[in-house]
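Please open the model in a viewer and follow the stops below in order.

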Amino acid sequence: MTTRIERVSYDDAIVRKFMVASVLFGAVGLLVGLWIALQLAWPELNFGIPYTTFSRLRPLHTNAVIFAFVGNMMFAGVYYSTQRLLKARMANDALSAVHFWGWQLIIVAAAITLPLGITTSKEYAELEWPIDIAIALIWVVFAINFFWTLARRNEKHLYVAIWFYIATIVTVAVLHIVNSFALPLSALKSYSVFSGVQDALVQWWYGHNAVAFFLTTPILGIMYYFLPKAAGRPVYSYRLSIVHFWALVFMYIWAGPHHLLYTALPEWAQSIGMLFSLMLWAPSWGGMLNGLLTLRGAWDKVREDPVLKFFVAGVTFYGMATFEGPLLSIKSVSALAHYTDWIIGHVHGGALGWNGLMAAGMFYWLAPRLWDKPLYSKKAADAHFWLATIGIATYMISMWISGINQGLMWRALNADGTLTYPSFTETLIAIRPMYIIRALGGSMYLVGFLLMIWNLLKTVSGAKAVDTTVEVTIEEQPAVEGPGVVAVITGRPLWFSVVALILTGAFFFAESAIVAVGLAIAVLVVGEVGYVISNRERAAGKASWFNLIEHRPLAFTVLTLIAVLIGGVAEILPMVLIKQAVPVTGAAQKPYTALEQQGRDLYTREGCYVCHSQMIRPMVAEYLRYGEAARAEEFIYDHPFQWGSKRTGPDLQRIGGKYPSLWHYTHMNDPRSTSPGSNMPSYAWLSEWHIDPKLAPKKLALMQKLGVPYTNQDIDDAEENQRRQANTIVADLQKNGVTVDWDSEMVALISYLQRLGRDQGVALSDEAPKTAARGGQ
């Protein structure tokens, strides 16, 4: 074996760029978040501007925090740690630059399009198809650069942080591509190829795992690198990190359906989501404990070092969030918490507690090293820590109180079986103080963040940016014979895992207790046999299977992809391909008329799904308040689905016919005149803005391609039919002294709202209906 010394200069300029972008966009995302939080208590703070309503700015806030703030922070951490862990400069500086500028352009495109109402209405995936394509291309650039660097690395061992980065890159690509399948109507409008129940499952398979593989796995990789570095201690347990990684990437992908408990999603899918969510407790807390126990023997440093304070608090919030998530996935808890502010508190605890505090700790650690100058003020960093920690804790507690209050008030019944609080706005009035406290907590967090920006600016002021150069000892070893990539991938552990999975699956379908117990014992026996064989091989001096794959990036990546795809394929393919996977219990939905489709597009443009659900759960209180529980076949032509995830306003699934058109017109112009206590802003501009009647046949033709049973005659008559239906609404309003143009957006939206829940229904047979419904009123 021979060795040689090579000087490696790391590309720290790209780290600085992503770090600066993260800090700037983080401030923007938090400012927008505070603005819309204040609107919940004072809705007039949109100032009557269509582009600044809560429902239009909320997607901007979530995208800014997730993809601009945390995304840029993630890339900064990945580029910094990867080069040092692999002892190699990033493979191509041009690819790094394309990645950086491409990502920032995507963020700018989001900042422009979302307030304009250009949205797919799919949570955390609202960006339209041209931007989706750009995201995929830039992600490929990032992947090529990363894996190319892996291929030319000078350190053959892959440290645990690299495992999590690999899982992030391959899984986010799969999630984004599948969830973005859409058919474009124009350069700025498209419709999901999935509909109803299938669209909901695909969306929350993506939505949950975007949290898992964009906000969790890469930040765990950052934790595994930066926390030991800051503490000056090795990671507590390498074995625990192995279990943490493989259990997390396999289990997380199954848990998406827990966002859809008590909906029209089939029971089997709901149960799978709940089961795997509960199982996630173990690996998640294993990772948290591995992080905190790394500080064993170094806790005295936490008192003095603001970096460690942020890391410890961030990891603790990770533990809280990953305890609360499985708790909320339990059906009885979800029945109370879903659609309430409790979920909002949970999400912010993860994004701002876990991600935000880890980001701050990383920035404070990086700045002195990237600019070769000590941190300007540790006292200011300590003040930031307490402002952020107390601020996010205040935010979460206020939302817990608000959410539990909402859930209990919605469900409350009198002794005679009637609703105790029949008016939805009674709950809004009750929780308004919590919205004010929420804004106060958010303000504290924002002030702390601005204090960090000041501290970092003072730190780098007058300093010169530096790139680290190191001397790397490279061992030139002769090729060692051993199992190839295919042999490693298909090694014994994989087969033991397959057998265990088959036995576990059979356990859940066992028809008798004896068979179930037998299968459970068989699973334990298979695991024990694998453990014994592994120990014997280790005692004999043989390399462990994991030791073989962690030196082979290709094998590691393929196995990670397999672990992720198993859950995705098992959940989604039956829903999409097997008709019996979605039970039919009644009459199916009728297609929307041309005017109703126009109105539905306005509903998504204005972000109504942000505050209103269209999914009545099978509960007594919801039946009394909203009507009959939802059925899967009622959404078969909904491209995209509009079930929503939060009720700041009441459910609208069966709102059609409940109120006259005049009520809707008045409500849109002055919500509190019809609903005292409402925090909905005015949408008066809908009476002044007009639809494009010529788009109607194009929309119906596109829906026909997606499987909605419109005839060619329906498409040819679309313009005439939408005018005829609009004139009916106009005439009704004129009887009450209201004059509005037939092609106004107000009329189109009223037609859609009056349609909801008023289908006469058609029999769902093997053959699609021959003609589309006309009217639906």
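Start with I112, which sits in helix α3 (residues 93-113). The model is a predicted one. Keep I112 selected and add W35, F47, I49, Y51, V108 and L116: together these residues make a nonpolar surface patch of about 630 Å².

Next, go to the second largest pocket, which holds about 860 Å³ of space. To centre the view, select H612, G649, P650, L652 and H667, the closest to the pocket centre of the 46 residues that line it.

Now colour by secondary structure. Two or more lining residues of this pocket come from each of α1 (13-41), α2 (54-86), α16 (425-460), α23 (620-626), α24 (661-669) and α29 (745-755). Which element gives the most to the lining of the second largest pocket? It is α24, with four residues.

Colour by domain instead, and the lining of the second largest pocket shows at least three residues from each of domain 1 (11-475) and domain 3 (594-755). Colour by residue class, and the same lining divides into 26 nonpolar, 15 polar and five charged residues.

For the last stop, turn to the salt bridges, of which the count is 26. One to select is the pair K646 and D341, whose side chains meet at 3.2 Å, N to O. K646 lies in the loop between α23 and α24, and D341 lies in helix α14 (residues 341-370), so this salt bridge ties together parts that are 305 residues apart in sequence.

Key:
Residues are numbered from 1 along each chain as its sequence is written. This is a predicted model: local features need pLDDT of at least 70, side-chain atom pairs count only at pLDDT 80 or more; totals for chains, interfaces and linings use all residues. Side-chain values use heavy atoms; hydrogens and water are left out. Patches are made of residues with over 30% relative accessible area and no salt bridge: like charges are joined within 9 Å, nonpolar side chains (Val, Leu, Ile, Met, Phe, Trp, Tyr) within 5 Å. Accessible areas come from the Shrake-Rupley method with a 1.4 Å probe; for residues, only the protein chains shown count as cover. A salt bridge is a side-chain nitrogen of Lys or Arg within 4 Å of a carboxyl oxygen of Asp or Glu. On a 1 Å grid over the protein atoms alone, a cavity is a set of points where a 1.4 Å probe fits but cannot get out, and a pocket is an open set with protein on both sides within 12 Å along at least five of seven lines; lining residues have an atom within 4 Å of a point. Grid points are joined across faces, edges and corners, and a volume is the space filled by probe spheres set on the points. Ala, Val, Leu, Ile, Met, Phe, Trp, Tyr, Cys and Pro count as nonpolar, Asp, Glu, Lys and Arg as charged, and the others, Gly among them, as polar. Domain bounds come from an automatic or database domain assignment.
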